[in-house]
Amino acid sequence: MSMRNEAHGLNERRESNGIDKLIDDAARQIVGAEPSAALRSGIRERIDRRSSPWMSLPAFAGAGALVVVVLVVGRALLGTPGEPDRARPTHASPAIQRAATDGPDKARPTIEPERSERPERLERSERLSRRLAADVTAPPQEEDPVIPPLVIEPLTTEPLRAVQIAVDVRSGVTPIEIEPLQIEPLRSE
Amino acid sequence: MAVASAFRRTFPILPDPTIAAPRQSIHRVTDEELVLLARQGDPDAFDQLVARHQSAVLRAAMAALRNREDAEEVAQDAFIRAWRSLGRFRGESAFRTWVLRITWNRAISKRRGLAGWLRRATPIVDVAEPVEIGEGQHAGLHTAELQRHAVSAIQALSPKLRDALLLSQTGEYQYDEIAAILGIPVGTVKWRLSEARRKVREKLAALGYVDAK
C-alpha cells in the first residue's frame with residue numbers, strides 16, 4: 001500500500017514538475033526578448049545629442065533674450081541711471097529765486113554742481129556752484145512754492161457741565177462741588 | 001662592456017612613437033569604475049554599462065509591459081534617465097539594481113497609462129502553432145496547445161503574481177534582485193511565485209489538461 005502511495009506521489013511530482021516547466025517556458029516566451037542594436041545606438045545618439053554644445057545653444061539664447069527683456073523693461077520702468085542728474089537744473093529757476101528772497105531760514109542751499117572728470121570743468125562748475133549758492137538758498141526740488149496759506153477755523157465748543165451726583169446724606173459724606181470746565185477753542189495765528 | 005653601458009646611459013631606448021600603446025581591456029573594468037568615468041561625462045563608459053545591462057533592463061520592461069515596442073522605449077528612457085541622474089547615484093546599491101529600479105518604475109507608469117492598457121488589450125504574444133500535423137505530431141500539438149493556454153493563464157494573473165513569475169523567468173535576476181526591483185521582501189517574492197504557478201496549474205486543470213492539486 002505504502003509502495004503504491006509512494007509511486008503515486010512520485011508520478012504526481014513528476015507531472016507537477018513537468019507542468020511547472022511548461023509554465024516557466026510559457027513565461028519565458030512572454031519575456032524572452034533580445035535587445036536590438038537600435039536600443040544601444042538610440043541611447044548613444046540621445047546622449048551625444050544632449051552633450052553637444054549646439055544643443056545647449058537654444059537654452060543660452062533663451063536666457064540671453066530673457067536678460068535683454070528684463071533690462072529693457074527695467075530701464076523703461078525706472079528710467080536711465082544718468083537721467084535725474086541731467087534733468088536737474090544747473091541754474092536757479094525764478095521760482096527758487098523767489099523762494100530764496102523769503103528768508104534764508106526756510107530753505108537750505110543744496111544745489112549740486114555737475115560732475116566732470118576734467119579739472120578745468122570741475123573748477124568751472126565749482127565756481128558756478130559757489131555763485132549759485134550765494135544767490136540761491138532754496139533746494140532745486142521745491143520748484144512749486146505756491147502753497148496756499150493754511151486757514152484754521154476756530155472750534156466752537158460749549159463748556160462741559162458736570163452733573164452733581166446725588167449723595168445720600170445719611171452716609172456722612174459731604175458732596176463735592178465741581179465747577180463746570182471751560183474749554184477754550186484753539187486759535188490759529 | 002663599459003662602452004655599451006655608457007652608450008645606453010647617453011642614449012636611452014625610447015618607445016617607438018609609431019607603435020600604439022597596448023589597449024586596455026574593458027572587460028576588467030568594474031561597473032563602479034565605469035560609473036565613475038560616466039559621471040565625469042564619458043559617454044563611452046556609459047555605453048559599456050548599457051552594453052552590459054541592456055538585456056536585463058529590456059527583460060524587466062518586457063515583464064511589466066509584455067510588449068516589445070513599449071519595452072524598448074522604456075529601456076531607452078530608463079538608461080537616459082540614469083545617465084542624467086548619475087550625479088545623484090550614491091552607489092548604495094549596484095548600478096544594475098539601480099537602473100533596473102528606474103526601468104521598473106517607468107514601465108509601471110507606462111502600464112498605468114491608458115494607451116498602454118489599450119495596446120495590451122489586443123493579443124500580444126503569438127504562440128507558434130503547427131501548420132501541418134502528421135501522424136506522429138499529436139504530442140507536439142498537445143504541448144503547443146497546452147503552452148498557449150499556459151500563456152493565456154499567465155496573462156490573466158493578477159499583476160503582482162504575474163510580475164513575480166515573469167521576472168523570475170527572464171533568467172536575469174536572483175530572488176534578491178527581484179525583491180529589490182519590486183520593493184518587497186525575498187519571502188514575498190517566493191510566495192508570489194509559488195502562488196502564480198498554483199493558479200496557472202488550476203486554470204490548466206480546469207481546461208482538463210492536468211490534474212492540479
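## Two surface patches, a helix and a loop residue

A:Val69 sits in helix H3 of chain A, which covers residues 57-78. The model you are looking at is predicted, and this short tour starts from that valine. After the patches on chain A come a helix and a loop residue of chain B.

**Nonpolar patch on chain A**
- A:Val69 joins A:Val73, A:Leu77 and A:Leu78 in a nonpolar surface patch, and together they have about 450 Å² of accessible area.
- With a relative accessible area of 47%, A:Val69 counts as partly exposed, because that class lies between the 20% and 50% cut-offs.
- In an α-helix there are 3.6 residues a turn, so residues three or four places apart point the same way.

**Positive patch on chain A**
- Five arginines, A:Arg121, A:Arg124, A:Arg127, A:Arg130 and A:Arg131, make up a positive patch on the surface.
- A:Arg131 belongs to helix H6 of chain A, residues 119-135.
- This arginine, A:Arg131, is exposed, as its relative accessible area is 55%.

**Helix H5 of chain B**
- Helix H5 of chain B runs over residues 95-112, and at 1.5 Å a residue its 18 residues should span 26 Å.
- The end C-alpha atoms of H5 in chain B are 26 Å apart, so the two values agree.
- Among the buried residues of H5(B) are B:Trp98, B:Trp104, B:Arg96 and B:Arg111.

**A loop residue in chain B**
- B:Arg66 is placed in the loop between helix H3 (43-65) and helix H4 (68-84) of chain B.
- Phi of B:Arg66 is near 55°, a positive value in a residue that is not glycine.
- Most residues other than glycine have a negative phi.
- B:Arg66 is also buried, because its relative accessibility is 9%.

Terms used. Residues are numbered from 1 along each chain as its sequence is written. Chains are lettered from A and ligands numbered from 1 in the order in which they are written. This is a predicted model: local features need pLDDT of at least 70, side-chain atom pairs count only at pLDDT 80 or more; totals for chains, interfaces and linings use all residues. Side-chain values use heavy atoms; hydrogens and water are left out. Helices (H or I, at least four residues) and strands (E, at least two) are DSSP runs, numbered from the N terminus. Buried means under 20% relative accessible area, exposed over 50%, partly exposed in between (1.4 Å probe, protein chains only). Patches are made of residues with over 30% relative accessible area and no salt bridge: like charges are joined within 9 Å, nonpolar side chains (Val, Leu, Ile, Met, Phe, Trp, Tyr) within 5 Å. Accessible areas come from the Shrake-Rupley method with a 1.4 Å probe; for residues, only the protein chains shown count as cover. A salt bridge is a side-chain nitrogen of Lys or Arg within 4 Å of a carboxyl oxygen of Asp or Glu. Lys and Arg count as positive and Asp and Glu as negative; His and the chain ends are not counted. The place of a charge is taken as NZ of Lys, CZ of Arg, CG of Asp or CD of Glu. The expected span of a helix is 1.5 Å times one less than its number of residues.
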